[in-house]
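Visitor: I should like to learn how strands, sheets and helices are read from a model. Please take me through one case.

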Amino acid sequence: MSTRRIGILTGGGDVPGLNSVIKSVVYRAAEMGWEVMGIRKGWLGLTHLRPGTADEREHARPLTRESVRTIDRTGGTMLHTSRLDPQRVRGDRLPPHLVPLADQYRREDGRFDLVPVVVENLARLGIECLITIGGDGTLSATPRLKSEGVKLIAIPKTMDNDVPGTEYCLGFSTAITRAKDLVTRQRTTLGSHERIGVFRIFGRDAGFTALHTGYVTSGRCLIPEHPFELTRLCQLMLSDKENNPSRYAFVIAAEGATWLGRDEEREVARDADGRRHRPDIGVSLAAEIHRCTGEETMHSDLTYDLRSGNPDALDQTVATTFANVALDMIGDGVTGRMVAVRHGCYSHVELPDRERGARQVDVTALYDVERYRPKYAGKLGAPLLLS
C-alpha cells in the first residue's frame with residue numbers, strides 16, 4: 001500500500017492508554033517511512049478545520065518521535081477529545097465558517113451532516129488512512145466514512161467494554177484495577193460508621209465494569225441487563241451487614257442499572273452526542289435503601305477516578321499491541337476494519353454498527369440473578385476476562 005501519511009484521532013471519554021496508542025503508532029510509522037498527522041479534539045478537529053488558515057494547527061498537527069516520546073507516561077490524550085458525531089451535529093455546534101452554508105448540510109431532523117466536510121478535510125491534509133480510537137459514539141461514524149471511500153482503521157476504547165465485535169476495549173483493565181482499590185479503601189469508612197454503601201460505576205448499557213468489579217471485591221453488583229428487585233436487594237444488604245463483623249455492606253451499581261417498578265421516564269437528558277443520561281443511580285439507590293431499611297447509607301461515584309491517570313500494565317500492553325496491529329493492517333493494505341480481541345487473540349473485525357446496540361453481559365452464563373453476584377463456578381475453558 002502506498003500510504004505515506006496517516007491521521008489519528010481520539011474521541012469520546014478519555015481512558016488510560018490512549019497516549020500509548022498514539023506513541024506506538026508514531027514510532028512504528030516512522031520505522032515504515034510514513035508521516036503521522038494528529039487530529040485534535042476528535043471528530044471536531046475534522047469538522048472545524050480550515051486547512052491553510054491560521055487556526056489549522058489548533059485542529060491538526062504533525063506528530064514525530066520527539067513530540068510523543070514521553071506521552072505514554074501519563075493518562076488522558078495528548079490530542080484532546082470531544083463528543084461529536086459528524087453525522088448529526090447540533091446547530092449550536094456548527095463551526096462559524098460553515099454557518100452560511102448550513103442549508104446544504106441540514107438533515108430532516110434539523111441537525112447537520114458534516115461527513116462531507118470530514119472527507120474533504122482528510123483529502124486536503126493528504127491523509128491516506130485514518131486511525132480512529134473511540135467507543136460506540138466515536139466509532140459510529142466509521143462505517144459511513146468507509147462508504148464514502150475513506151480508508152480507516154478503528155481501535156476500540158471504553159471502560160464499559162461494550163463495543164460489539166471485540167472481547168476487550170482499551171481502558172477496561174485499568175477501570176477494574178482502580179475500582180477494586182477504591183472500593184477496598186472505602187470499606188474502612190463503611191465499617192467505621194456501620195453503613196450500607198452504594199458504589200456507582202461505568203455501564204450505561206452494559207454491566208461488564210460492575211460485574212468484574214464485583215468479581216474481584218466479592219461484592220454484590222447490579223447491571224443494566226437484569227433489572228433487580230429493590231426489596232430483595234435490601235434484604236441482601238441487611239443480611240450482609242448482620243453477618244459482617246464490621247457491620248457494613250455494599251453494592252456496586254452500573255450507571256444504567258435499574259429496579260423493577262422504577263419510573264422509566266428517568267431518562268430525561270441527552271449529552272452532546274444525543275445519548276441518554278440517567279439520574280445518578282448511586283444517589284437514588286442509596287436513598288431508597290435508607291427508606292426501606294432505616295439504615296444509614298453512603299453513595300460514592302467512582303467514575304472519574306477510573307478514567308484518570310496512567311494505564312495499568314495490561315492496558316499499556318493492549319494499547320501498544322492494538323497500535324502495531326493497526327499498522328500491520330495498513331501495511332498489508334487492509335482497511336475499513338476494527339482491531340479487536342476475539343477468542344482471547346488479537347484480530348480484526350467489521351466496523352461496529354451503532355444500530356445493533358452495545359455488546360452486553362450474558363446474564364445466564366455470568367450473573368447470579370438471585371444473589372446479584374457474578375457467577376464464580378464453571379470457569380474451566382472460559383476466556384481470561386469472562387467475556
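Visitor: How many bridges join strand E12 to E13?

Guide: A pairing is accepted if DSSP finds at least two bridges between two strands; helices (H or I, at least four residues) and strands (E, at least two) are DSSP runs, numbered from the N terminus. Here 6 bridges join E12, residues 337-342, to E13, and the two strands run antiparallel. Met-338 has Val-349 in E13 as its bridge partner, and Ala-340 has Ser-347. In the hairpin of E12 and E13, 2 residues lie between the strands, and His-343 takes a positive phi near 55°.

Visitor: On what basis are such features reported?

Guide: This is a predicted model, in which local features need pLDDT of at least 70 and side-chain atom pairs count only at pLDDT 80 or more, while totals for chains, interfaces and linings use all residues. Residues are numbered from 1 along each chain as its sequence is written, and side-chain values use heavy atoms, with hydrogens and water left out.

Visitor: In what order do the strands of the sheet that holds E12 and E13 lie?

Guide: The order is E3-E2-E1-E4-E5-E12-E13, an open sheet of 7 strands with mixed pairing. At its edges are E3 (60-63) and E13 (345-350), each of which pairs on one side only. Neighbouring strands of this sheet are turned by 30° against each other on average, direction ignored; axes are lines fitted to C-alpha atoms, for helices over the stretch in contact, and angles run from 0 to 180 degrees between N-to-C directions. E5 (residues 152-156) pairs with E12 in the parallel sense over 2 bridges, and Ile-153 has Arg-337 in E12 as its bridge partner.

Visitor: Which strands form the open sheet with parallel pairing?

Guide: That sheet has 4 strands in the order E7-E8-E6-E11. Its edge strands are E7 (220-222) and E11 (297-301), and the twist averages 20° from one strand to the next. Between E7 and E8 (residues 249-254) there are 3 bridges, in the parallel sense; Cys-221 stands opposite Ile-252 in E8.

Visitor: Which helix packs on this sheet and touches E6, E7 and E8?

Guide: Packing is read from contact, meaning heavy atoms within 4.5 Å. Helix H9 (residues 208-217) packs on the sheet and touches E6 (196-201), E7 and E8, its direction making about 155° with that of E8. Helix H10 (residues 230-243) also lies across E6, E7 and E8, running at about 145° to E8.

Visitor: Why do the buried residues of H10 lie on the same side?

Guide: An α-helix has 3.6 residues a turn, so residues three or four places apart point the same way. Buried means under 20% relative accessible area, exposed over 50%, and partly exposed in between (1.4 Å probe, protein chains only). In H10 the buried residues are Leu-230, Leu-233, Cys-234, Leu-236, Met-237, Asp-240 and Lys-241. They cover an arc of only 160° around the axis, which puts them on the same side of H10; the arc is that of the directions from the helix axis to the C-beta atoms. The face turned away from the buried side carries the exposed residues Thr-231, Glu-242 and Asn-243. The cover over the buried residues includes E6, E7, E8, helix H11 (281-293) and strand E15 (373-374).

Visitor: Why does Lys-241 count as buried?

Guide: Lys-241 has 10% relative accessibility and therefore counts as buried. Leaving aside its neighbours within four places in sequence, Lys-241 is in contact with Glu-194, Arg-195, Ile-196, Arg-247, Tyr-248, Ala-249 and Glu-295.
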